[in-house]
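Q: Could you take me on a close look at one part of this protein, its largest nonpolar core, and set that part in its wider context? I would like the cut-offs behind each term as well.

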Amino acid sequence: MKNYPLSFQIWLIIAIITLSISLLLSFILPSTLRDFFTREIYATITSAQDLVFNQFDSDIYRDYIGSDFFGRDEQFLENIRTVRHFIFYADSKGPLSLSMPAKFLEKVQNEALNQRNISQEYAGHIGSEKVFYIITKGKALNRDAFLVSYMGDSYREDLVQTLFRKLLGVMVVVFLFSWIPAILLSRYLSKPLVDLEKRVEKLASNEWNEPIELNREDEIGRLGKSVEYLRNQLIRQDEAEQSFLQHVSHELKTPVMVIQSYTEAIKDGIYPKGTLECSIEVIEGEAKRLEKKVRNLLYLTKLDYLSNHEIDKVRFPLDLLIQEVVDRLSWSRTDIDWNLELNPIFIEGDKEQWGIVIENLLDNQIRYADKRILISLKDVDSKIILRVWNDGPPIEEKLLNTLFNKFNKGYKGEFGLGLAIVNKILNSYGSNIFAVNEDKGVSFYIEIHS
């Protein structure tokens with residue numbers, strides 16, 4: 001059903017509900033009506049017997065069990081409205097001589113003789129017609145007698161059939177015309193969805209300038225707000241990517257141009273740095289710089305892939321890993337004084353990724369430090385705190401919150417992906433990083449939740 005238009009789905013649901021209610025009523029209503037009218041018939045019979053009783057002297061009627069309350073003229077009891085009556089005596093011998101089926105009269109006679117209550121309700125058949133009757137005990141002419149009052153079922157059945165036919169007619173009309181409110185409802189519900197569909201198609205075509213406003217507070221309105229939020233995110237993402245591509249192209253172009261120009265100069269017998277060895281050292285340095293930027297770009301792509309896959313985690317000493325990275329990188333700045341305060345702490349994770357976190361973070365510190373770098377690792381209130389401080393220049397306040405974003409330049413205006421990689425890895429472990437300008441220097445804090 002989900003492959004059909006929304007209007008048809010709504011109409012079909014309404015039609016199924018209407019049909020189900022109609023079928024349910026077709027089974028329940030006749031029985032309910034019959035029970036109701038049966039009680040009404042017995043009430044009518046009781047009222048008719050009361051009319052019979054009211055024809056007699058009130059003193060006799062008040063003590064009717066021992067009185068002759070059936071009257072003196074049996075012909076009077078033949079017909080009062082639609083209820084018919086007849087009397088027979090308890091000491092009558094043989095079958096009753098009335099113009100009614102003998103089988104029915106015999107049944108009534110047996111029920112009356114075995115009846116324990118003064119008055120009791122019964123049902124039976126006279127020929128093919130069902131009848132309801134009440135038998136009441138009393139005395140007539142100083143003899144034990146029974147008053148039988150009965151009424152046919154044809155009136156009840158006529159009422160039931162008439163009401164049921166009218167109900168079926170109403171249900172058929174409702175069923176046939178249910179498509180009108182269904183179409184109106186489907187249009188009301190589907191119109192904003194169709195509008196959203198067109199807007200999403202525009203977003204897919206990079207047409208992001210037109211805002212999405214539905215002016216609704218229901219689920220469709222919240223969906224529209226989500227799509228509008230997505231539109232704004234795509235705009236920011238596109239702007240950031242454009243800026244990123246510009247920075248990447250500029251940063252990659254610079255070492256390529258240096259390598260190319262130095263190579264062409266050496267071919268012509270010219271050494272830009274005075275000697276062949278010094279010129280080749282420049283080419284080698286630019287090649288390493290280019291290789292590092294390309295490696296970072298590839299690793300960011302790898303992290304995007306790993307974010308959707310499980311990685312193998314091992315338990316390892318973070319303090320020893322930090323020491324290894326420091327030993328490996330410290331040679332590049334022999335003028336820096338390293339101060340390490342590392343408590344023995346074990347964590348779980350991918351050791352290679354954590355190595356890249358420490359390496360990229362320390363590489364940033366080496367680049368900006370003046371003469372000192374301090375690294376401390378402590379366990380504080382169920383959190384592992386790694387602090388890396390350098391005595392370099394402070395970071396601009398407006399860059400503190402965007403320093404670790406993927407498409408931002410460094411705080412000296414230099415392009416770099418190292419801190420963005422650090423942030424992405426830490427986020428995958430539920431950890432976070434932030435920078436703080438101290439009275440002197442800058443501190444980077446990593447909070448690892450143990």
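A: **The core and its setting**

Buried residues, meaning those under 20% relative accessible area with a 1.4 Å probe and protein chains only, make up 37% of the 450 residues in the protein. Happily, the ground rules are short: this is a predicted model, where local features need pLDDT of at least 70, side-chain atom pairs count only at pLDDT 80 or more, and totals for chains, interfaces and linings use all residues. Residues are numbered from 1 along each chain as its sequence is written, and side-chain values use heavy atoms, with hydrogens and water left out.

The protein has 10 helices and 12 strands; these are DSSP runs numbered from the N terminus, helices being H or I over at least four residues and strands E over at least two. Taking contact as heavy atoms within 4.5 Å, 64% of the contacts between residues at least 6 apart in sequence join residues at least 24 apart.

Now to the core itself. A nonpolar core is a set of buried Ala, Val, Leu, Ile, Met, Phe, Trp, Tyr and Cys residues joined through side-chain atoms within 4.5 Å. The largest one has 46 residues, and Leu318, Trp354, Leu362, Ile375 and Phe444 touch the most other members. Two or more residues come from each of α7 (276–306), α8 (318–329), α9 (351–368), β9 (372–380), β10 (383–390), α10 (418–428), β11 (432–437) and β12 (442–449). Of these elements, α9 gives the most, with 7 residues.

Leu318 deserves a closer look. Setting aside residues up to four places away in sequence, Leu318 touches Ile345, Ile347, Trp354, Leu377 and Ile448. A second, separate core of 14 residues includes Met100, Phe104, Ala112 and Phe146.

Strand β12 also holds a charged residue (Asp, Glu, Lys and Arg count as charged), namely Glu447. Glu447 counts as buried because its relative accessible area is 17%. Beyond its neighbours within four places in sequence, Glu447 is in contact with Lys383, Ile384, Ile385, Ser431, Asn432 and Phe434.

To finish with the outside, the protein exposes about 27,500 Å², an accessible area from the Shrake-Rupley method with a 1.4 Å probe. Carbon and sulfur atoms supply 55% of that area.

Methods: Buried means under 20% relative accessible area, exposed over 50%, partly exposed in between (1.4 Å probe, protein chains only).
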